[in-house]
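Hi,

Here is the structure I said I would pass on. Have a look at it first, and my notes follow underneath.

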Amino acid sequence: MQRNTRQRAAILETLSRQDDFRSAQQIHEQMKADGETVGLATVYRNLQALSTSGRLDVLVAGDGESLYRQCEDTGHHHHLVCRECGRTVEFLAPRLENAMTSIAHEHGFTDLDHTLEVFGLCTEHAGTGGEPDGSASR
């Protein structure tokens, strides 16, 4: 069981005001801007603990950096992520879960765990070359 610390509460408060995934550095910078006195190492340590406990979603970016967001759904879920703006939608996929379990068992795998992030363009950025107002440079 995790202790609730002032730093952990401040991290959760900061993330509660964010809609998209943020790096530890971005979270730390926002906390400093909000007047919190917390070290970057403490932010990293608490983000890891909160993600392990299931209170935060973690997304590994293309460059390998971990990004964090407060979970909307505390159960197992997946994410649709816009490559342009980072907008994220949580979704459930029971048929996909069943198919993955069936495939794993066919190959003798048990004690399954997985994450699934699907990257694409949200409706605001779809078909515009990434520009939300349709003014993509050509």
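The sheet is an open one of three strands, running β5-β4-β6 with mixed pairing. Bear in mind that this is a predicted model. Since β5 (88–91) and β6 (117–120) sit at the edges and have a single partner strand each, one side of each is left without a neighbour in the sheet. Neighbouring strands are turned by 20 degrees against each other on average, direction ignored.

If you want to look at one pairing in detail, try β4 (residues 78–82) with β5: the two are antiparallel and share four bridges. A handy spot to start from is V81, which has T88 of β5 opposite.

Next, the core. The largest nonpolar one counts 13 residues, and I11, L15, I27, M31, V43, L47 and L56 have the most contacts inside it. Three helices, α1 (6–16), α2 (24–33) and α3 (40–52), each put in at least two residues. The top contributor is α1, which gives four.

M31 is worth clicking on. Setting aside neighbours within four places in sequence, M31 touches Q7, A10, I11, T14, E36, V38 and V43. Two of those, I11 and V43, are also among the core residues with the most contacts.

Last, there is α4, a helix of 13 residues (94–106). From first C-alpha to last, α4 reaches 18 Å, close to the 18 Å expected at 1.5 Å a residue. After α4 comes G108, with a positive phi near 80 degrees.

Cheers

Definitions and conventions
Residues are numbered from 1 along each chain as its sequence is written. This is a predicted model: local features need pLDDT of at least 70, side-chain atom pairs count only at pLDDT 80 or more; totals for chains, interfaces and linings use all residues. Side-chain values use heavy atoms; hydrogens and water are left out. A nonpolar core is a set of buried Ala, Val, Leu, Ile, Met, Phe, Trp, Tyr and Cys residues joined through side-chain atoms within 4.5 Å. Buried means under 20% relative accessible area, exposed over 50%, partly exposed in between (1.4 Å probe, protein chains only). Contact means heavy atoms within 4.5 Å. Two strands pair if DSSP finds at least two bridges between them. Axes are lines fitted to C-alpha atoms, for helices over the stretch in contact, and angles run from 0 to 180 degrees between N-to-C directions. The expected span of a helix is 1.5 Å times one less than its number of residues.
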